[in-house]
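Colleague: I've got the model open and a few things to ask about it. Could you talk me through the cysteines, a sheet and the cores?

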Amino acid sequence: MPSLFKWGDITIGGIFPVFNKEISSTSTFESKPPGVKCAGFDLRAFRWTQVMIFAIEEINKDPTLLPNISLGYRILNSCASPTNTLRAALTLASGPEELELTSPCPPAVSALIAESGSSQSLAVAGTLGPFQVPIVSYFSTCACLSDRAKYPTFFRTIPSDYFQAKALAALVKRFGWQWIGAIQSDNDYGRNGILAFTEEVKKLGVCIAFVGTILRTYTMDKILDVVEMIKQSTVKVILAFIPEGDFYPLMKEIVKQNITGIQWIASEAWITASRPSTPEIYQAFGGALGFVVQKMAIPNLKQSLTGISPYADPSAAFVRDFWEIMAGCRPVLPGEHTDTEATNEICTGHETLMNSQDVFFNVTQLRVSYNVYKAVYAIAHALHQLVFCQPVAEKTVRPCLNISEIRPKEVTDHLQRVHFRNQFGDDVFFDASGDPPASYDIINWQLIDGQVQHVTLGHFASAANGNYKLTIQEEEIVWRTGKMVPVSVCSNLCAVGTRRAQMKGKPTCCFDCIPCADGTIANSTGAADCTPCSQEYWSNERKDKCIPKTIEFLMYHEPMGIAVTVVSLLGASLSLATMMIFICYKETPVIKASNSELSCFLLFSLFLCFLCPLTFIGRPTVWTCMLRHTAFGVTFALCISCVLGKTIVVVTAFKATFPGNKFAVKFGPAKQRIIVFSCTLIQVVICVLWLKLSPPFPDMVFRYSNKKIVLECNTGSEAAFYAVLGYIGILAIICLVLAFLARKLPDNFNEAKFITFSMLIFCAVWITFIPAYVSSPGKFTVAVEIFAILSSAFGLLICIFAPKCYILLIKPEKNTKKHVMGKKLNQKI
């Protein structure tokens, strides 16, 4: 297995995906299987190997760090394959294969720097962990590797995907993306990364539209399936949690099919990779945003990189492949056979990389390379504390442990406790899970002077309490869609006055917007539910504001109120006018015959009855509510009592054979007053008890209409209200019966007949009043009661007093004693 190798007192192993694809071969079982073949030389990974070598050489020159002890290395290629990574790890753990017979035994591998892919690191950590071999990864970010129970010797200098998932979720939240797609690599890195990200964004209400899976070894049909998935989706933002080597074939196909208008979010595995950072790929991926670890410029590294040459060390692995790419020619060493079929021309031997402008030699923005650098120094500091029993110091120290006695478990223990500040001012240490502190830069792909640049526009850092801080220069971001932040939602935000209604079988981000029901509002966009208005309020037409309900009660200035007022005052005026007529004609036979005192009492009570409806108009108050019902009850009781007295007088008067009979005298004016007073007093007692125990009160009624509040007087006690009506009804029935019995009295003065008619009208009105009162809504309930009062009062006024006024005013010739008593006297003669 080819390797980069150097002897040393202590050897550090390294595994890197110098070639990023393993060429599979089929074994025939007829001969020895061929060795592992890899393709796709990765310049980025090769630079990682050179950074490891550079760091080890730098440590060997440092008089304070591991003084008088040389570090060696052995670096193998993994081909980005878990199986080949495991083969390389076992090779390093068991010692070098290429040993000459005269060579001494090599020093043991004290620690291992591996690997870039999480799946590869899982294989190595799971295998070498039980042997307590410490492993430090520079690019494996899967959160699963933080499990100390499974991987007790695994460390890394790159933050876990647990933190990257939080950072990506914070970015999604910052820009309000609710509907995104995801593409993962078909390995532990991709699957665990997307799983962690999904758990984070679900807390924010973000939906994953699809998850495409890709791998560098997939066939073109599988790649085209993912492309079609992207084309069919409505998402405008896609997260690619995938290594660059796996993602590159898909990127080329996306560019080929001209799929643009998508804002890409990148994981740290490809956002700063050099291979896809070309103007061609930028056509579809320009403006990509992603998180990367801290960048650093390592002094003197460029000189080391430009000094790489196949002529300096002909046996160095991977250098010839590197030279063919960088120099564009194939180096041929003296005595070496020339392959005539080679595509590259043969080098002259005078080529140099000193003035090369290739991105490979740009050491100002090293990120993963800096992680490799920190990994080497972390191992060196752990070894220093183990060998010298104290941290690195300026003074000369003596070893406290023989190098041959170093055991991997001791290196692991010291690596867990290592904590130092490097020459760049960064603190290097590991937490209990072997993870470094989380810190990311936010990278934006921008095309500057025809070259794709990875512009740093922000920072993400986690705190010990689980919080995080995201800072980003939004105005400097170049979006794929221009200067405007792209919008990615399954359904547009619901406008005010509407709420979200989940679409059946769709994610929570996909919804319809349903108008709020009457009486509910949504005064903010994107409301999940409509808020009911309080009882006194109702929703406006837009359903975005609660407005006060219309207050309804019978008012003086509305048509019905005006009509009631006019009719009431007319009735009261007619009552007063009739009373004045009776007073003026009190000495005439007609007035004397109709009992002028009771008639005046009756007219006065009718006057009050006509005024009662005025208390039913206007905004109900405590006093008007108590007045309207009790005044109505007492005045009508007085009215019917007067009618009852007149009826008794008529009946008793005509039961005697002649006027002046002692039977009639028994019911003189005094007893008539007693009848009126006693009958009215009973109603007064009922009303007083009503007002004392459960008086009427103003009430807001909401049941009649959702948009109106009806102000009305609550009776307080239904029993008391119907007791008042019932008592009036009893008096009316007694009057009706007595009047009916006296209906055949002399025709010229048959007042009982008119009383009968008036009582019939009165009873008919109040019998029909009850169902109409119960069934009428709102202010019409008051109108029904007013109608009953006015109609019954007019019935009494017209039926009893109209005939007498007719005689007094129109036919005065009939206003004589002879006419009044005429028919009776004729019958006697």
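Colleague: Is Cys38 buried, exposed or partly exposed?

Modeller: First, a caveat: this is a predicted model, where local features need pLDDT of at least 70, side-chain atom pairs count only at pLDDT 80 or more, and totals for chains, interfaces and linings use all residues. Residues are numbered from 1 along each chain as its sequence is written, and side-chain values use heavy atoms, with hydrogens and water left out. Buried means under 20% relative accessible area, exposed over 50%, and partly exposed in between, using a 1.4 Å probe and protein chains only. The relative accessible area of Cys38 is 22%, so this residue is partly exposed.

Colleague: And which residue forms a disulfide with Cys38?

Modeller: A disulfide here is a pair of cysteine sulfur atoms within 2.5 Å. For Cys38 the partner sulfur is 1.3 Å away, and the link is right-handed, with 85° about the S-S bond. Cys38 sits in strand S4 (residues 37-41), and the other end is in the loop between strand S5 (71-77) and helix H2 (82-94), 41 residues apart; helices (H or I, at least four residues) and strands (E, at least two) are DSSP runs, numbered from the N terminus. That partner is buried at 2% relative accessible area, and it is Cys79.

Colleague: How many disulfides does the structure hold?

Modeller: Another one joins Cys142 to Cys144, S to S 2.2 Å. Its torsion about the S-S bond is about 130°, so that disulfide is right-handed. Counting disulfides over the structure gives 10.

Colleague: How many residues apart in sequence are the parts tied together by Cys329 and Cys347?

Modeller: These two are joined by a disulfide, S to S 1.9 Å. Cys329 lies in strand S14 (residues 329-330) and Cys347 in the loop between strand S15 (345-346) and helix H11 (368-388), so the parts tied together are 18 residues apart.

Colleague: Why does Cys584 have no bond to Cys600?

Modeller: Cys584 is exposed, with a relative accessible area of 61%. Its closest cysteine sulfur is in Cys600, and that is too far for a bond because the distance is 11 Å.

Colleague: What about Cys687: which residue holds its closest cysteine sulfur?

Modeller: Cys687 is buried, with a relative accessible area of 4%. The closest cysteine sulfur is 11 Å away, too far for a bond, and belongs to Cys612.

Colleague: On to the sheet. Which strands are at the edges of the one made of S27, S28 and S29?

Modeller: The three strands form an open sheet with mixed pairing, in the order S27-S29-S28; two strands pair if DSSP finds at least two bridges between them. Five bridges join S28 to strand S29 (residues 708-714), and those two run antiparallel. Each edge strand pairs on one side only, and the edges are strand S27 (550-552) and strand S28 (697-701).

Colleague: Which residues touch the most other members of the largest nonpolar core?

Modeller: A nonpolar core is a set of buried Ala, Val, Leu, Ile, Met, Phe, Trp, Tyr and Cys residues joined through side-chain atoms within 4.5 Å. The largest has 111 residues, and H11 gives the most to it, with 15. Not counting residues up to four places away in sequence, Phe322 touches residues including Phe41, Leu43 and Ile308, where contact means heavy atoms within 4.5 Å. The residues touching the most other members are Met52 and Phe322.
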